[in-house]
Amino acid sequence: MKGHHHRRRNSAVRLFVATWVFIAALCTAAVLTTWATTSDEPVHSARPPPPRLDDTRRAVALALAPCAPEMQLCTAVTRDPFPRATGTAKDATVTAEMRSVLGRTLATIRDDGAGDLRPAPAPRATCVVPTRDGTFAQRLAAWAAQQAPGRVVFTVADANYAEYMADARLDTSRTFGTNLLVVALDEAAAVAACAAGCAVVRFGGGKGKDAIYEAKYGTLHLLLSLKRDATFREMDVWHLRDPAAGTKEADVVFSVHQDNPYNINAGWIHARGGVDTARLFEDLVKYLKLNPKAFDQQVLNCMVSVSSARDECDAKGVAAQDPILRRWTTPPARVTHATIGPDV
């Protein structure tokens with residue numbers, strides 16, 4: 001028993017000594033750290049150089065690129081301030097840094113500063129919504145006849161986008177130096193567009209997929225047949241600059257998907273006025289009406305793709321040898337086209 005108590009006492013002594021040695025080491029480290037941080041030597045922080053303007057613009061574009069098909073589906077978190085443009089709308093991400101840059105960019109297309117996109121104002125007493133007289137083609141032609149010559153920038157919208165009309169108009173004015181024409185699918189869109197100061201033409205042909213195709217591509221066909229250059233922009237597209245600025249030699253300019261640059265994204269289209277470009281979109285509307293299950297972007301891709309891709313078109317359900325499409329799927333090409341990515 002005596003030896004047992006002696007061993008326990010020795011163990012307690014060793015534990016006591018070890019504890020004080022550990023405490024002394026901590027104190028020494030603290031003193032050294034304090035000395036190092038209070039030294040007269042200058043402290044050099046490894047701050048990265050400020051980003052260049054082009055890098056910032058590209059970073060914003062890349063962060064938003066995966067959102068291009070449906071901006072409202074995007075979330076807003078990521079670990080990389082300059083994210084690689086991969087993934088889908090579900091995992092599209094924007095960092096706090098990118099959100100700040102985006103906020104500053106959006107501030108230039110708004111008239112009340114940074115923050116959430118503001119709702120459209122109440123209709124003004126001086127705002128007169130255009131009538132429904134005549135056909136859509138007649139209404140659009142009458143509107144165009146009252147406008148100065150030049151490029152027309154338009155969108156197609158329904159009530160779901162009513163509160164964003166003012167911001168879309170400001171974005172269009174800032175980027176293209178012209179007003180935004182809204183082809184309104186319903187009354188709420190027409191009233192909101194009018195209240196925001198946009199030009200308005202009622203469509204009046206419904207709100208389903210077929211109606212949207214006709215409103216979108218039919219407007220392109222009609223404007224181009226009037227020899228007016230025309231740009232279609234969806235309501236969830238926001239511009240850093242004019243994407244068509246460097247593609248003046250092409251008859252038609254299409255945006256493409258960030259994760260698939262070989263397929264057209266029909267959310268942004270620009271075309272030069274003329275017979276051939278007008279016929280391209282006229283035939284597209286005809287084909288889509290006769291083939292209600294067809295997807296417009298796949299049809300467009302086949303109409304302007306090289307002849308080696310015809311088998312792929314047929315595999316996707318687009319009849320490359322259809323009488324309507326044959327003029328476009330058989331060489332030589334009748335229009336020249338260019339594609340631009342979301343980061344342009």
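The dialogue below reads several features of a predicted model.

Q: What conventions hold for the numbering and for the values?
A: Residues are numbered from 1 along each chain as its sequence is written, and side-chain values use heavy atoms, with hydrogens and water left out. Since this is a predicted model, local features need pLDDT of at least 70 and side-chain atom pairs count only at pLDDT 80 or more, while totals for chains, interfaces and linings use all residues.

Q: How many helices and strands does the protein have, and what share of its residues count as buried?
A: Helices (H or I, at least four residues) and strands (E, at least two) are DSSP runs, numbered from the N terminus, and here they come to 11 helices and seven strands. Buried means under 20% relative accessible area, exposed over 50%, and partly exposed in between, with a 1.4 Å probe and protein chains only; of the 344 residues, 41% count as buried.

Q: Which residues have the most contacts inside the largest nonpolar core?
A: A nonpolar core is a set of buried Ala, Val, Leu, Ile, Met, Phe, Trp, Tyr and Cys residues joined through side-chain atoms within 4.5 Å. The largest has 49 residues, and those with the most contacts inside it are Tyr 217, Ile 269, Phe 281, Val 299 and Leu 300; H7 gives the most to this core, with eight residues. Apart from it lies another core, of 26 residues, among them Phe 176, Cys 194, Val 253 and Ala 338.

Q: What does Phe 281 touch?
A: Contact means heavy atoms within 4.5 Å. Not counting residues up to four places away in sequence, Phe 281 touches a set of residues including Tyr 217, Leu 220, His 221, Ile 269 and Leu 300.

Q: How many cavities are there, and which residues line the second largest?
A: Rolling a probe the size of a water molecule over the atoms shows where empty space is left. On a 1 Å grid over the protein atoms alone, a cavity is a set of points where a 1.4 Å probe fits but cannot get out, and lining residues have an atom within 4 Å of a point; grid points are joined across faces, edges and corners, and a volume is the space filled by probe spheres set on the points. By this rule there are two cavities of 30 Å³ or more. The second largest holds about 40 Å³ of space and is lined by Asp 210, Tyr 213, Glu 214, Val 285, Leu 288 and Lys 289, with helix H7 (209-225) and helix H8 (275-290) each giving two or more residues to the lining.

Q: Is Val 285, in helix H8, buried or exposed?
A: Val 285 has a relative accessible area of 12%, and therefore counts as buried. Leaving aside its neighbours within four places in sequence, Val 285 is in contact with Tyr 213, Glu 214, Tyr 217 and Gly 218.

Q: Which residues of strand S7 are covered and which uncovered?
A: In a regular strand the side chains alternate between the two faces of the sheet. In strand S7 (residues 337-340), Ala 338 and Ile 340 form the covered face, whereas His 337 and Thr 339 form the uncovered one. Two strands pair if DSSP finds at least two bridges between them; four bridges join S7 to strand S5 (residues 252-257), and the two run parallel.

Q: What is the phi of Lys 227, and where is this residue placed?
A: Most residues other than glycine have a negative phi. Lys 227 has a positive phi of about 65° although it is not a glycine, and its place is in the loop between H7 and strand S4 (230-233). At 55% relative accessibility, Lys 227 counts as exposed.

Terms used. On a 1 Å grid over the protein atoms alone, a cavity is a set of points where a 1.4 Å probe fits but cannot get out, and a pocket is an open set with protein on both sides within 12 Å along at least five of seven lines; lining residues have an atom within 4 Å of a point.
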